Amino acid sequence: MTSHKLTLPEPVIRDRQFIKPLMCGPGPCDVWPSVAEALTRPVISPICDEYFNVMDDIRAGIQYLFQTRSPLVLAISGSGHTGMETIISNLLAPGELLLVPNRSIWDERATKMASRYGIKVETIFTSVPFTTFSLEEIESALKKHRPAGMFITHGDSSTGTIQNLEGLGKLCHKYGTLLLVDTVVSLGAVPFFMDEWGVDGVYTSGQKALSGPAGISPVAFSARAEAKINNRKHEPPFYFDMKLLAQQWNCYDKIRVYHHTLSPPLVWALRRCLEEVISETLPKSWARHAAVTARLYKRLQEYGFQFLIKKPEDRLVTVTTIALPRGYDYKQFVDHMRAKHNIMIMAGLGPTVGKALRIGIMGVNSTMEVADRVGDAMAETMRALTKSSL
Ligand code: GLV
């Protein structure tokens with residue numbers, strides 16, 4: 001008889017309690033109470049009417065969120081990165097060229113991801129660090145390289161910048177290029193119009209201004225992108241294959257074919273996030289985010305903080321980057337905010353490592369009370385660190 005002697009003893013899993021911080025980094029942010037409740041709803045089969053109804057609701061909500069009438073919209077299982085992987089791997093074939101105007105860590109990720117699929121990449125950089133691209137700079141790169149696609153980040157959580165997208169779709173299409181956009185930290189907080197702006201492939205994520213959990217990511221494709229997908233000769237990864245996923249999500253009202261088991265709690269939660277945006281309406285959500293961030297700016301300016309992003313029109317509403325005076329330690333600042341105020345902000349990432357603090361006020365946290373609480377805590381932290389670090 002086979003011996004069933006364990007080769008590994010039972011590990012000790014301790015009960016690790018903590019007091020939930022106020023989540024004011026670049027994301028994840030706190031979830032809506034209704035979304036926390038939705039996460040506890042029952043697990044059901046991915047092949048039953050209740051589940052199909054939720055998927056239909058989610059598709060309608062995603063169309064509203066992206067402002068698109070395209071039928072090819074659905075949610076991918078996974079964090080925002082799976083959205084990135086889905087649009088890149090479905091829209092570009094190995095050997096084709098992707099242009100990446102690079103100002104953020106996410107543009108670097110897109111570059112690396114595309115290269116792994118054998119897609120060629122050309123990169124351009126802003127002439128001045130921590131700014132965004134002009135239409136002229138982008139047009140000259142499109143004219144020179146004539147890429148099959150261009151990937152650009154709308155809101156960038158690493159630098160705290162927002163790229164103006166108006167006019168880019170028209171420009172890309174003039175050169176036979178598809179426009180691929182990351183809206184992970186912008187969607188729901190600032191205006192975005194997929195159809196009107198000529199965006200061909202776009203994704204977002206649940207844990208930022210939608211105030212939901214990470215792990216389920218809305219994506220949408222234009223008619224132009226859909227034609228490319230239907231005529232493509234290459235095979236994207238099975239898990240991200242839009243032709244198969246469109247069948248699972250019944251995008252064409254014809255067929256539902258099982259592809260993989262989405263996480264039911266995440267599906268319930270995403271539907272609830274979409275209901276929150278729909279009941280507030282997008283214009284009201286955009287106005288709320290703008291007003292609250294204006295209040296945060298005012299508080300920070302009163303206390304003498306310096307913005308990393310010099311041009312106000314380049315500043316992202318959801319994530320504010322602050323450059324500390326010489327001699328201050330970013331990690332120490334973040335640690336003090338957590339230890340003394342139980343507020344979680346973050347230090348720089350990618351191009352802003354050692355150069356900025358990143359403060360995120362978005363979704364359910366986008367309120368005047370939170371803006372004041374964060375501003376006051378930042379001022380206290382600055383005073384406390386003055387004593388220790390100078
Ligand atoms: C994650 O999205 C981050 O900006 O840290």
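Select N250 to begin: apart from residues up to four places away in sequence, N250 touches R59, I255 and R256, where contact means heavy atoms within 4.5 Å. The model is a predicted one, in which local features need pLDDT of at least 70 and side-chain atom pairs count only at pLDDT 80 or more, while totals for chains, interfaces and linings use all residues. Residues are numbered from 1 along each chain as its sequence is written, and side-chain values use heavy atoms, with hydrogens and water left out.

N250 sits in the loop between helix 9 (242-248) and helix 10 (264-280); helices (H or I, at least four residues) and strands (E, at least two) are DSSP runs numbered from the N terminus. With a relative accessibility of 10%, N250 counts as buried. The classes are buried for under 20% relative accessible area, exposed for over 50%, and partly exposed in between, with a 1.4 Å probe and protein chains only.

**Strand 5 and its partners**

Next, select residues 149-153, which form strand 5; 5 of its 5 residues are buried. G149, F151 and T153 point one way from the strand, and M150 and I152 point the other way. In a regular strand the side chains alternate between the two faces of the sheet.

Add strand 3 (residues 97-102), which pairs with strand 5 in the parallel sense over 2 bridges. Two strands pair if DSSP finds at least two bridges between them. Here L99 stands opposite M150. Then add strand 8 (residues 178-182), which runs parallel to strand 5 and is joined to strand 5 by 5 bridges. On this side, T153 has D182 of strand 8 as its bridge partner.

**The nonpolar cores**

Keep M150 and F151 selected and add I88, L180, F192 and F221: of the 81 residues in the largest nonpolar core, these six touch the most other members. A nonpolar core is a set of buried Ala, Val, Leu, Ile, Met, Phe, Trp, Tyr and Cys residues joined through side-chain atoms within 4.5 Å. Centre the view on F221. Leaving aside neighbours within four places in sequence, the contacts of F221 include S70, L72, T86, I87, L91, M194, D200, G201, I229 and M242.

A second, separate core has 27 residues, among them F307, Y328, F333 and A371. Move from there to F305, in the loop between helix 11 (282-302) and strand 11. F305 is buried, with a relative accessible area of 6%. Beyond four places in sequence, F305 is in contact with residues including I322, L324, F333, M378, A379 and M382. A distance line from the C-alpha atom of F305 to that of Y330, 25 residues apart along the chain, spans 14 Å.

**The open sheet**

Now display strands 11, 12, 15 and 14, in that order: these 4 strands form an open sheet with antiparallel pairing. Strand 11 (306-307) and strand 14 (346-347) stand at the edges with a single partner strand each, so one side of each is left without a neighbour in the sheet. At one edge, 2 bridges join strand 14 to strand 15 (residues 357-360). M346 has R358 of strand 15 as its bridge partner.

**The pockets**

Select H81, W106, V184, Q207 and K208, the closest to the centre of the largest pocket among the 17 residues that line this pocket. On a 1 Å grid over the protein atoms alone, a pocket is an open set of points where a 1.4 Å probe fits, with protein on both sides within 12 Å along at least five of seven lines; lining residues have an atom within 4 Å of a point. The largest pocket holds about 250 Å³ of space, the volume being the space filled by probe spheres set on the points, which are joined across faces, edges and corners. Helix 3 (residues 80-91) gives the most to this lining, with 3 residues.

For the second largest pocket, select R103, T126, P129, F130 and P351, which lie nearest its centre among 13 lining residues. About 170 Å³ of space lies in this pocket.

**Backbone details**

Stay on F130, in the loop between strand 4 (120-125) and helix 5 (135-145). F130 has a positive phi of about 60 degrees although it is not a glycine. R146, in the loop between helix 5 and strand 5, likewise has a positive phi, near 45 degrees. Finish at P28, in the loop between strand 1 (22-23) and helix 1 (33-38); the peptide bond from G27 to P28 is cis, with omega near 0 degrees.
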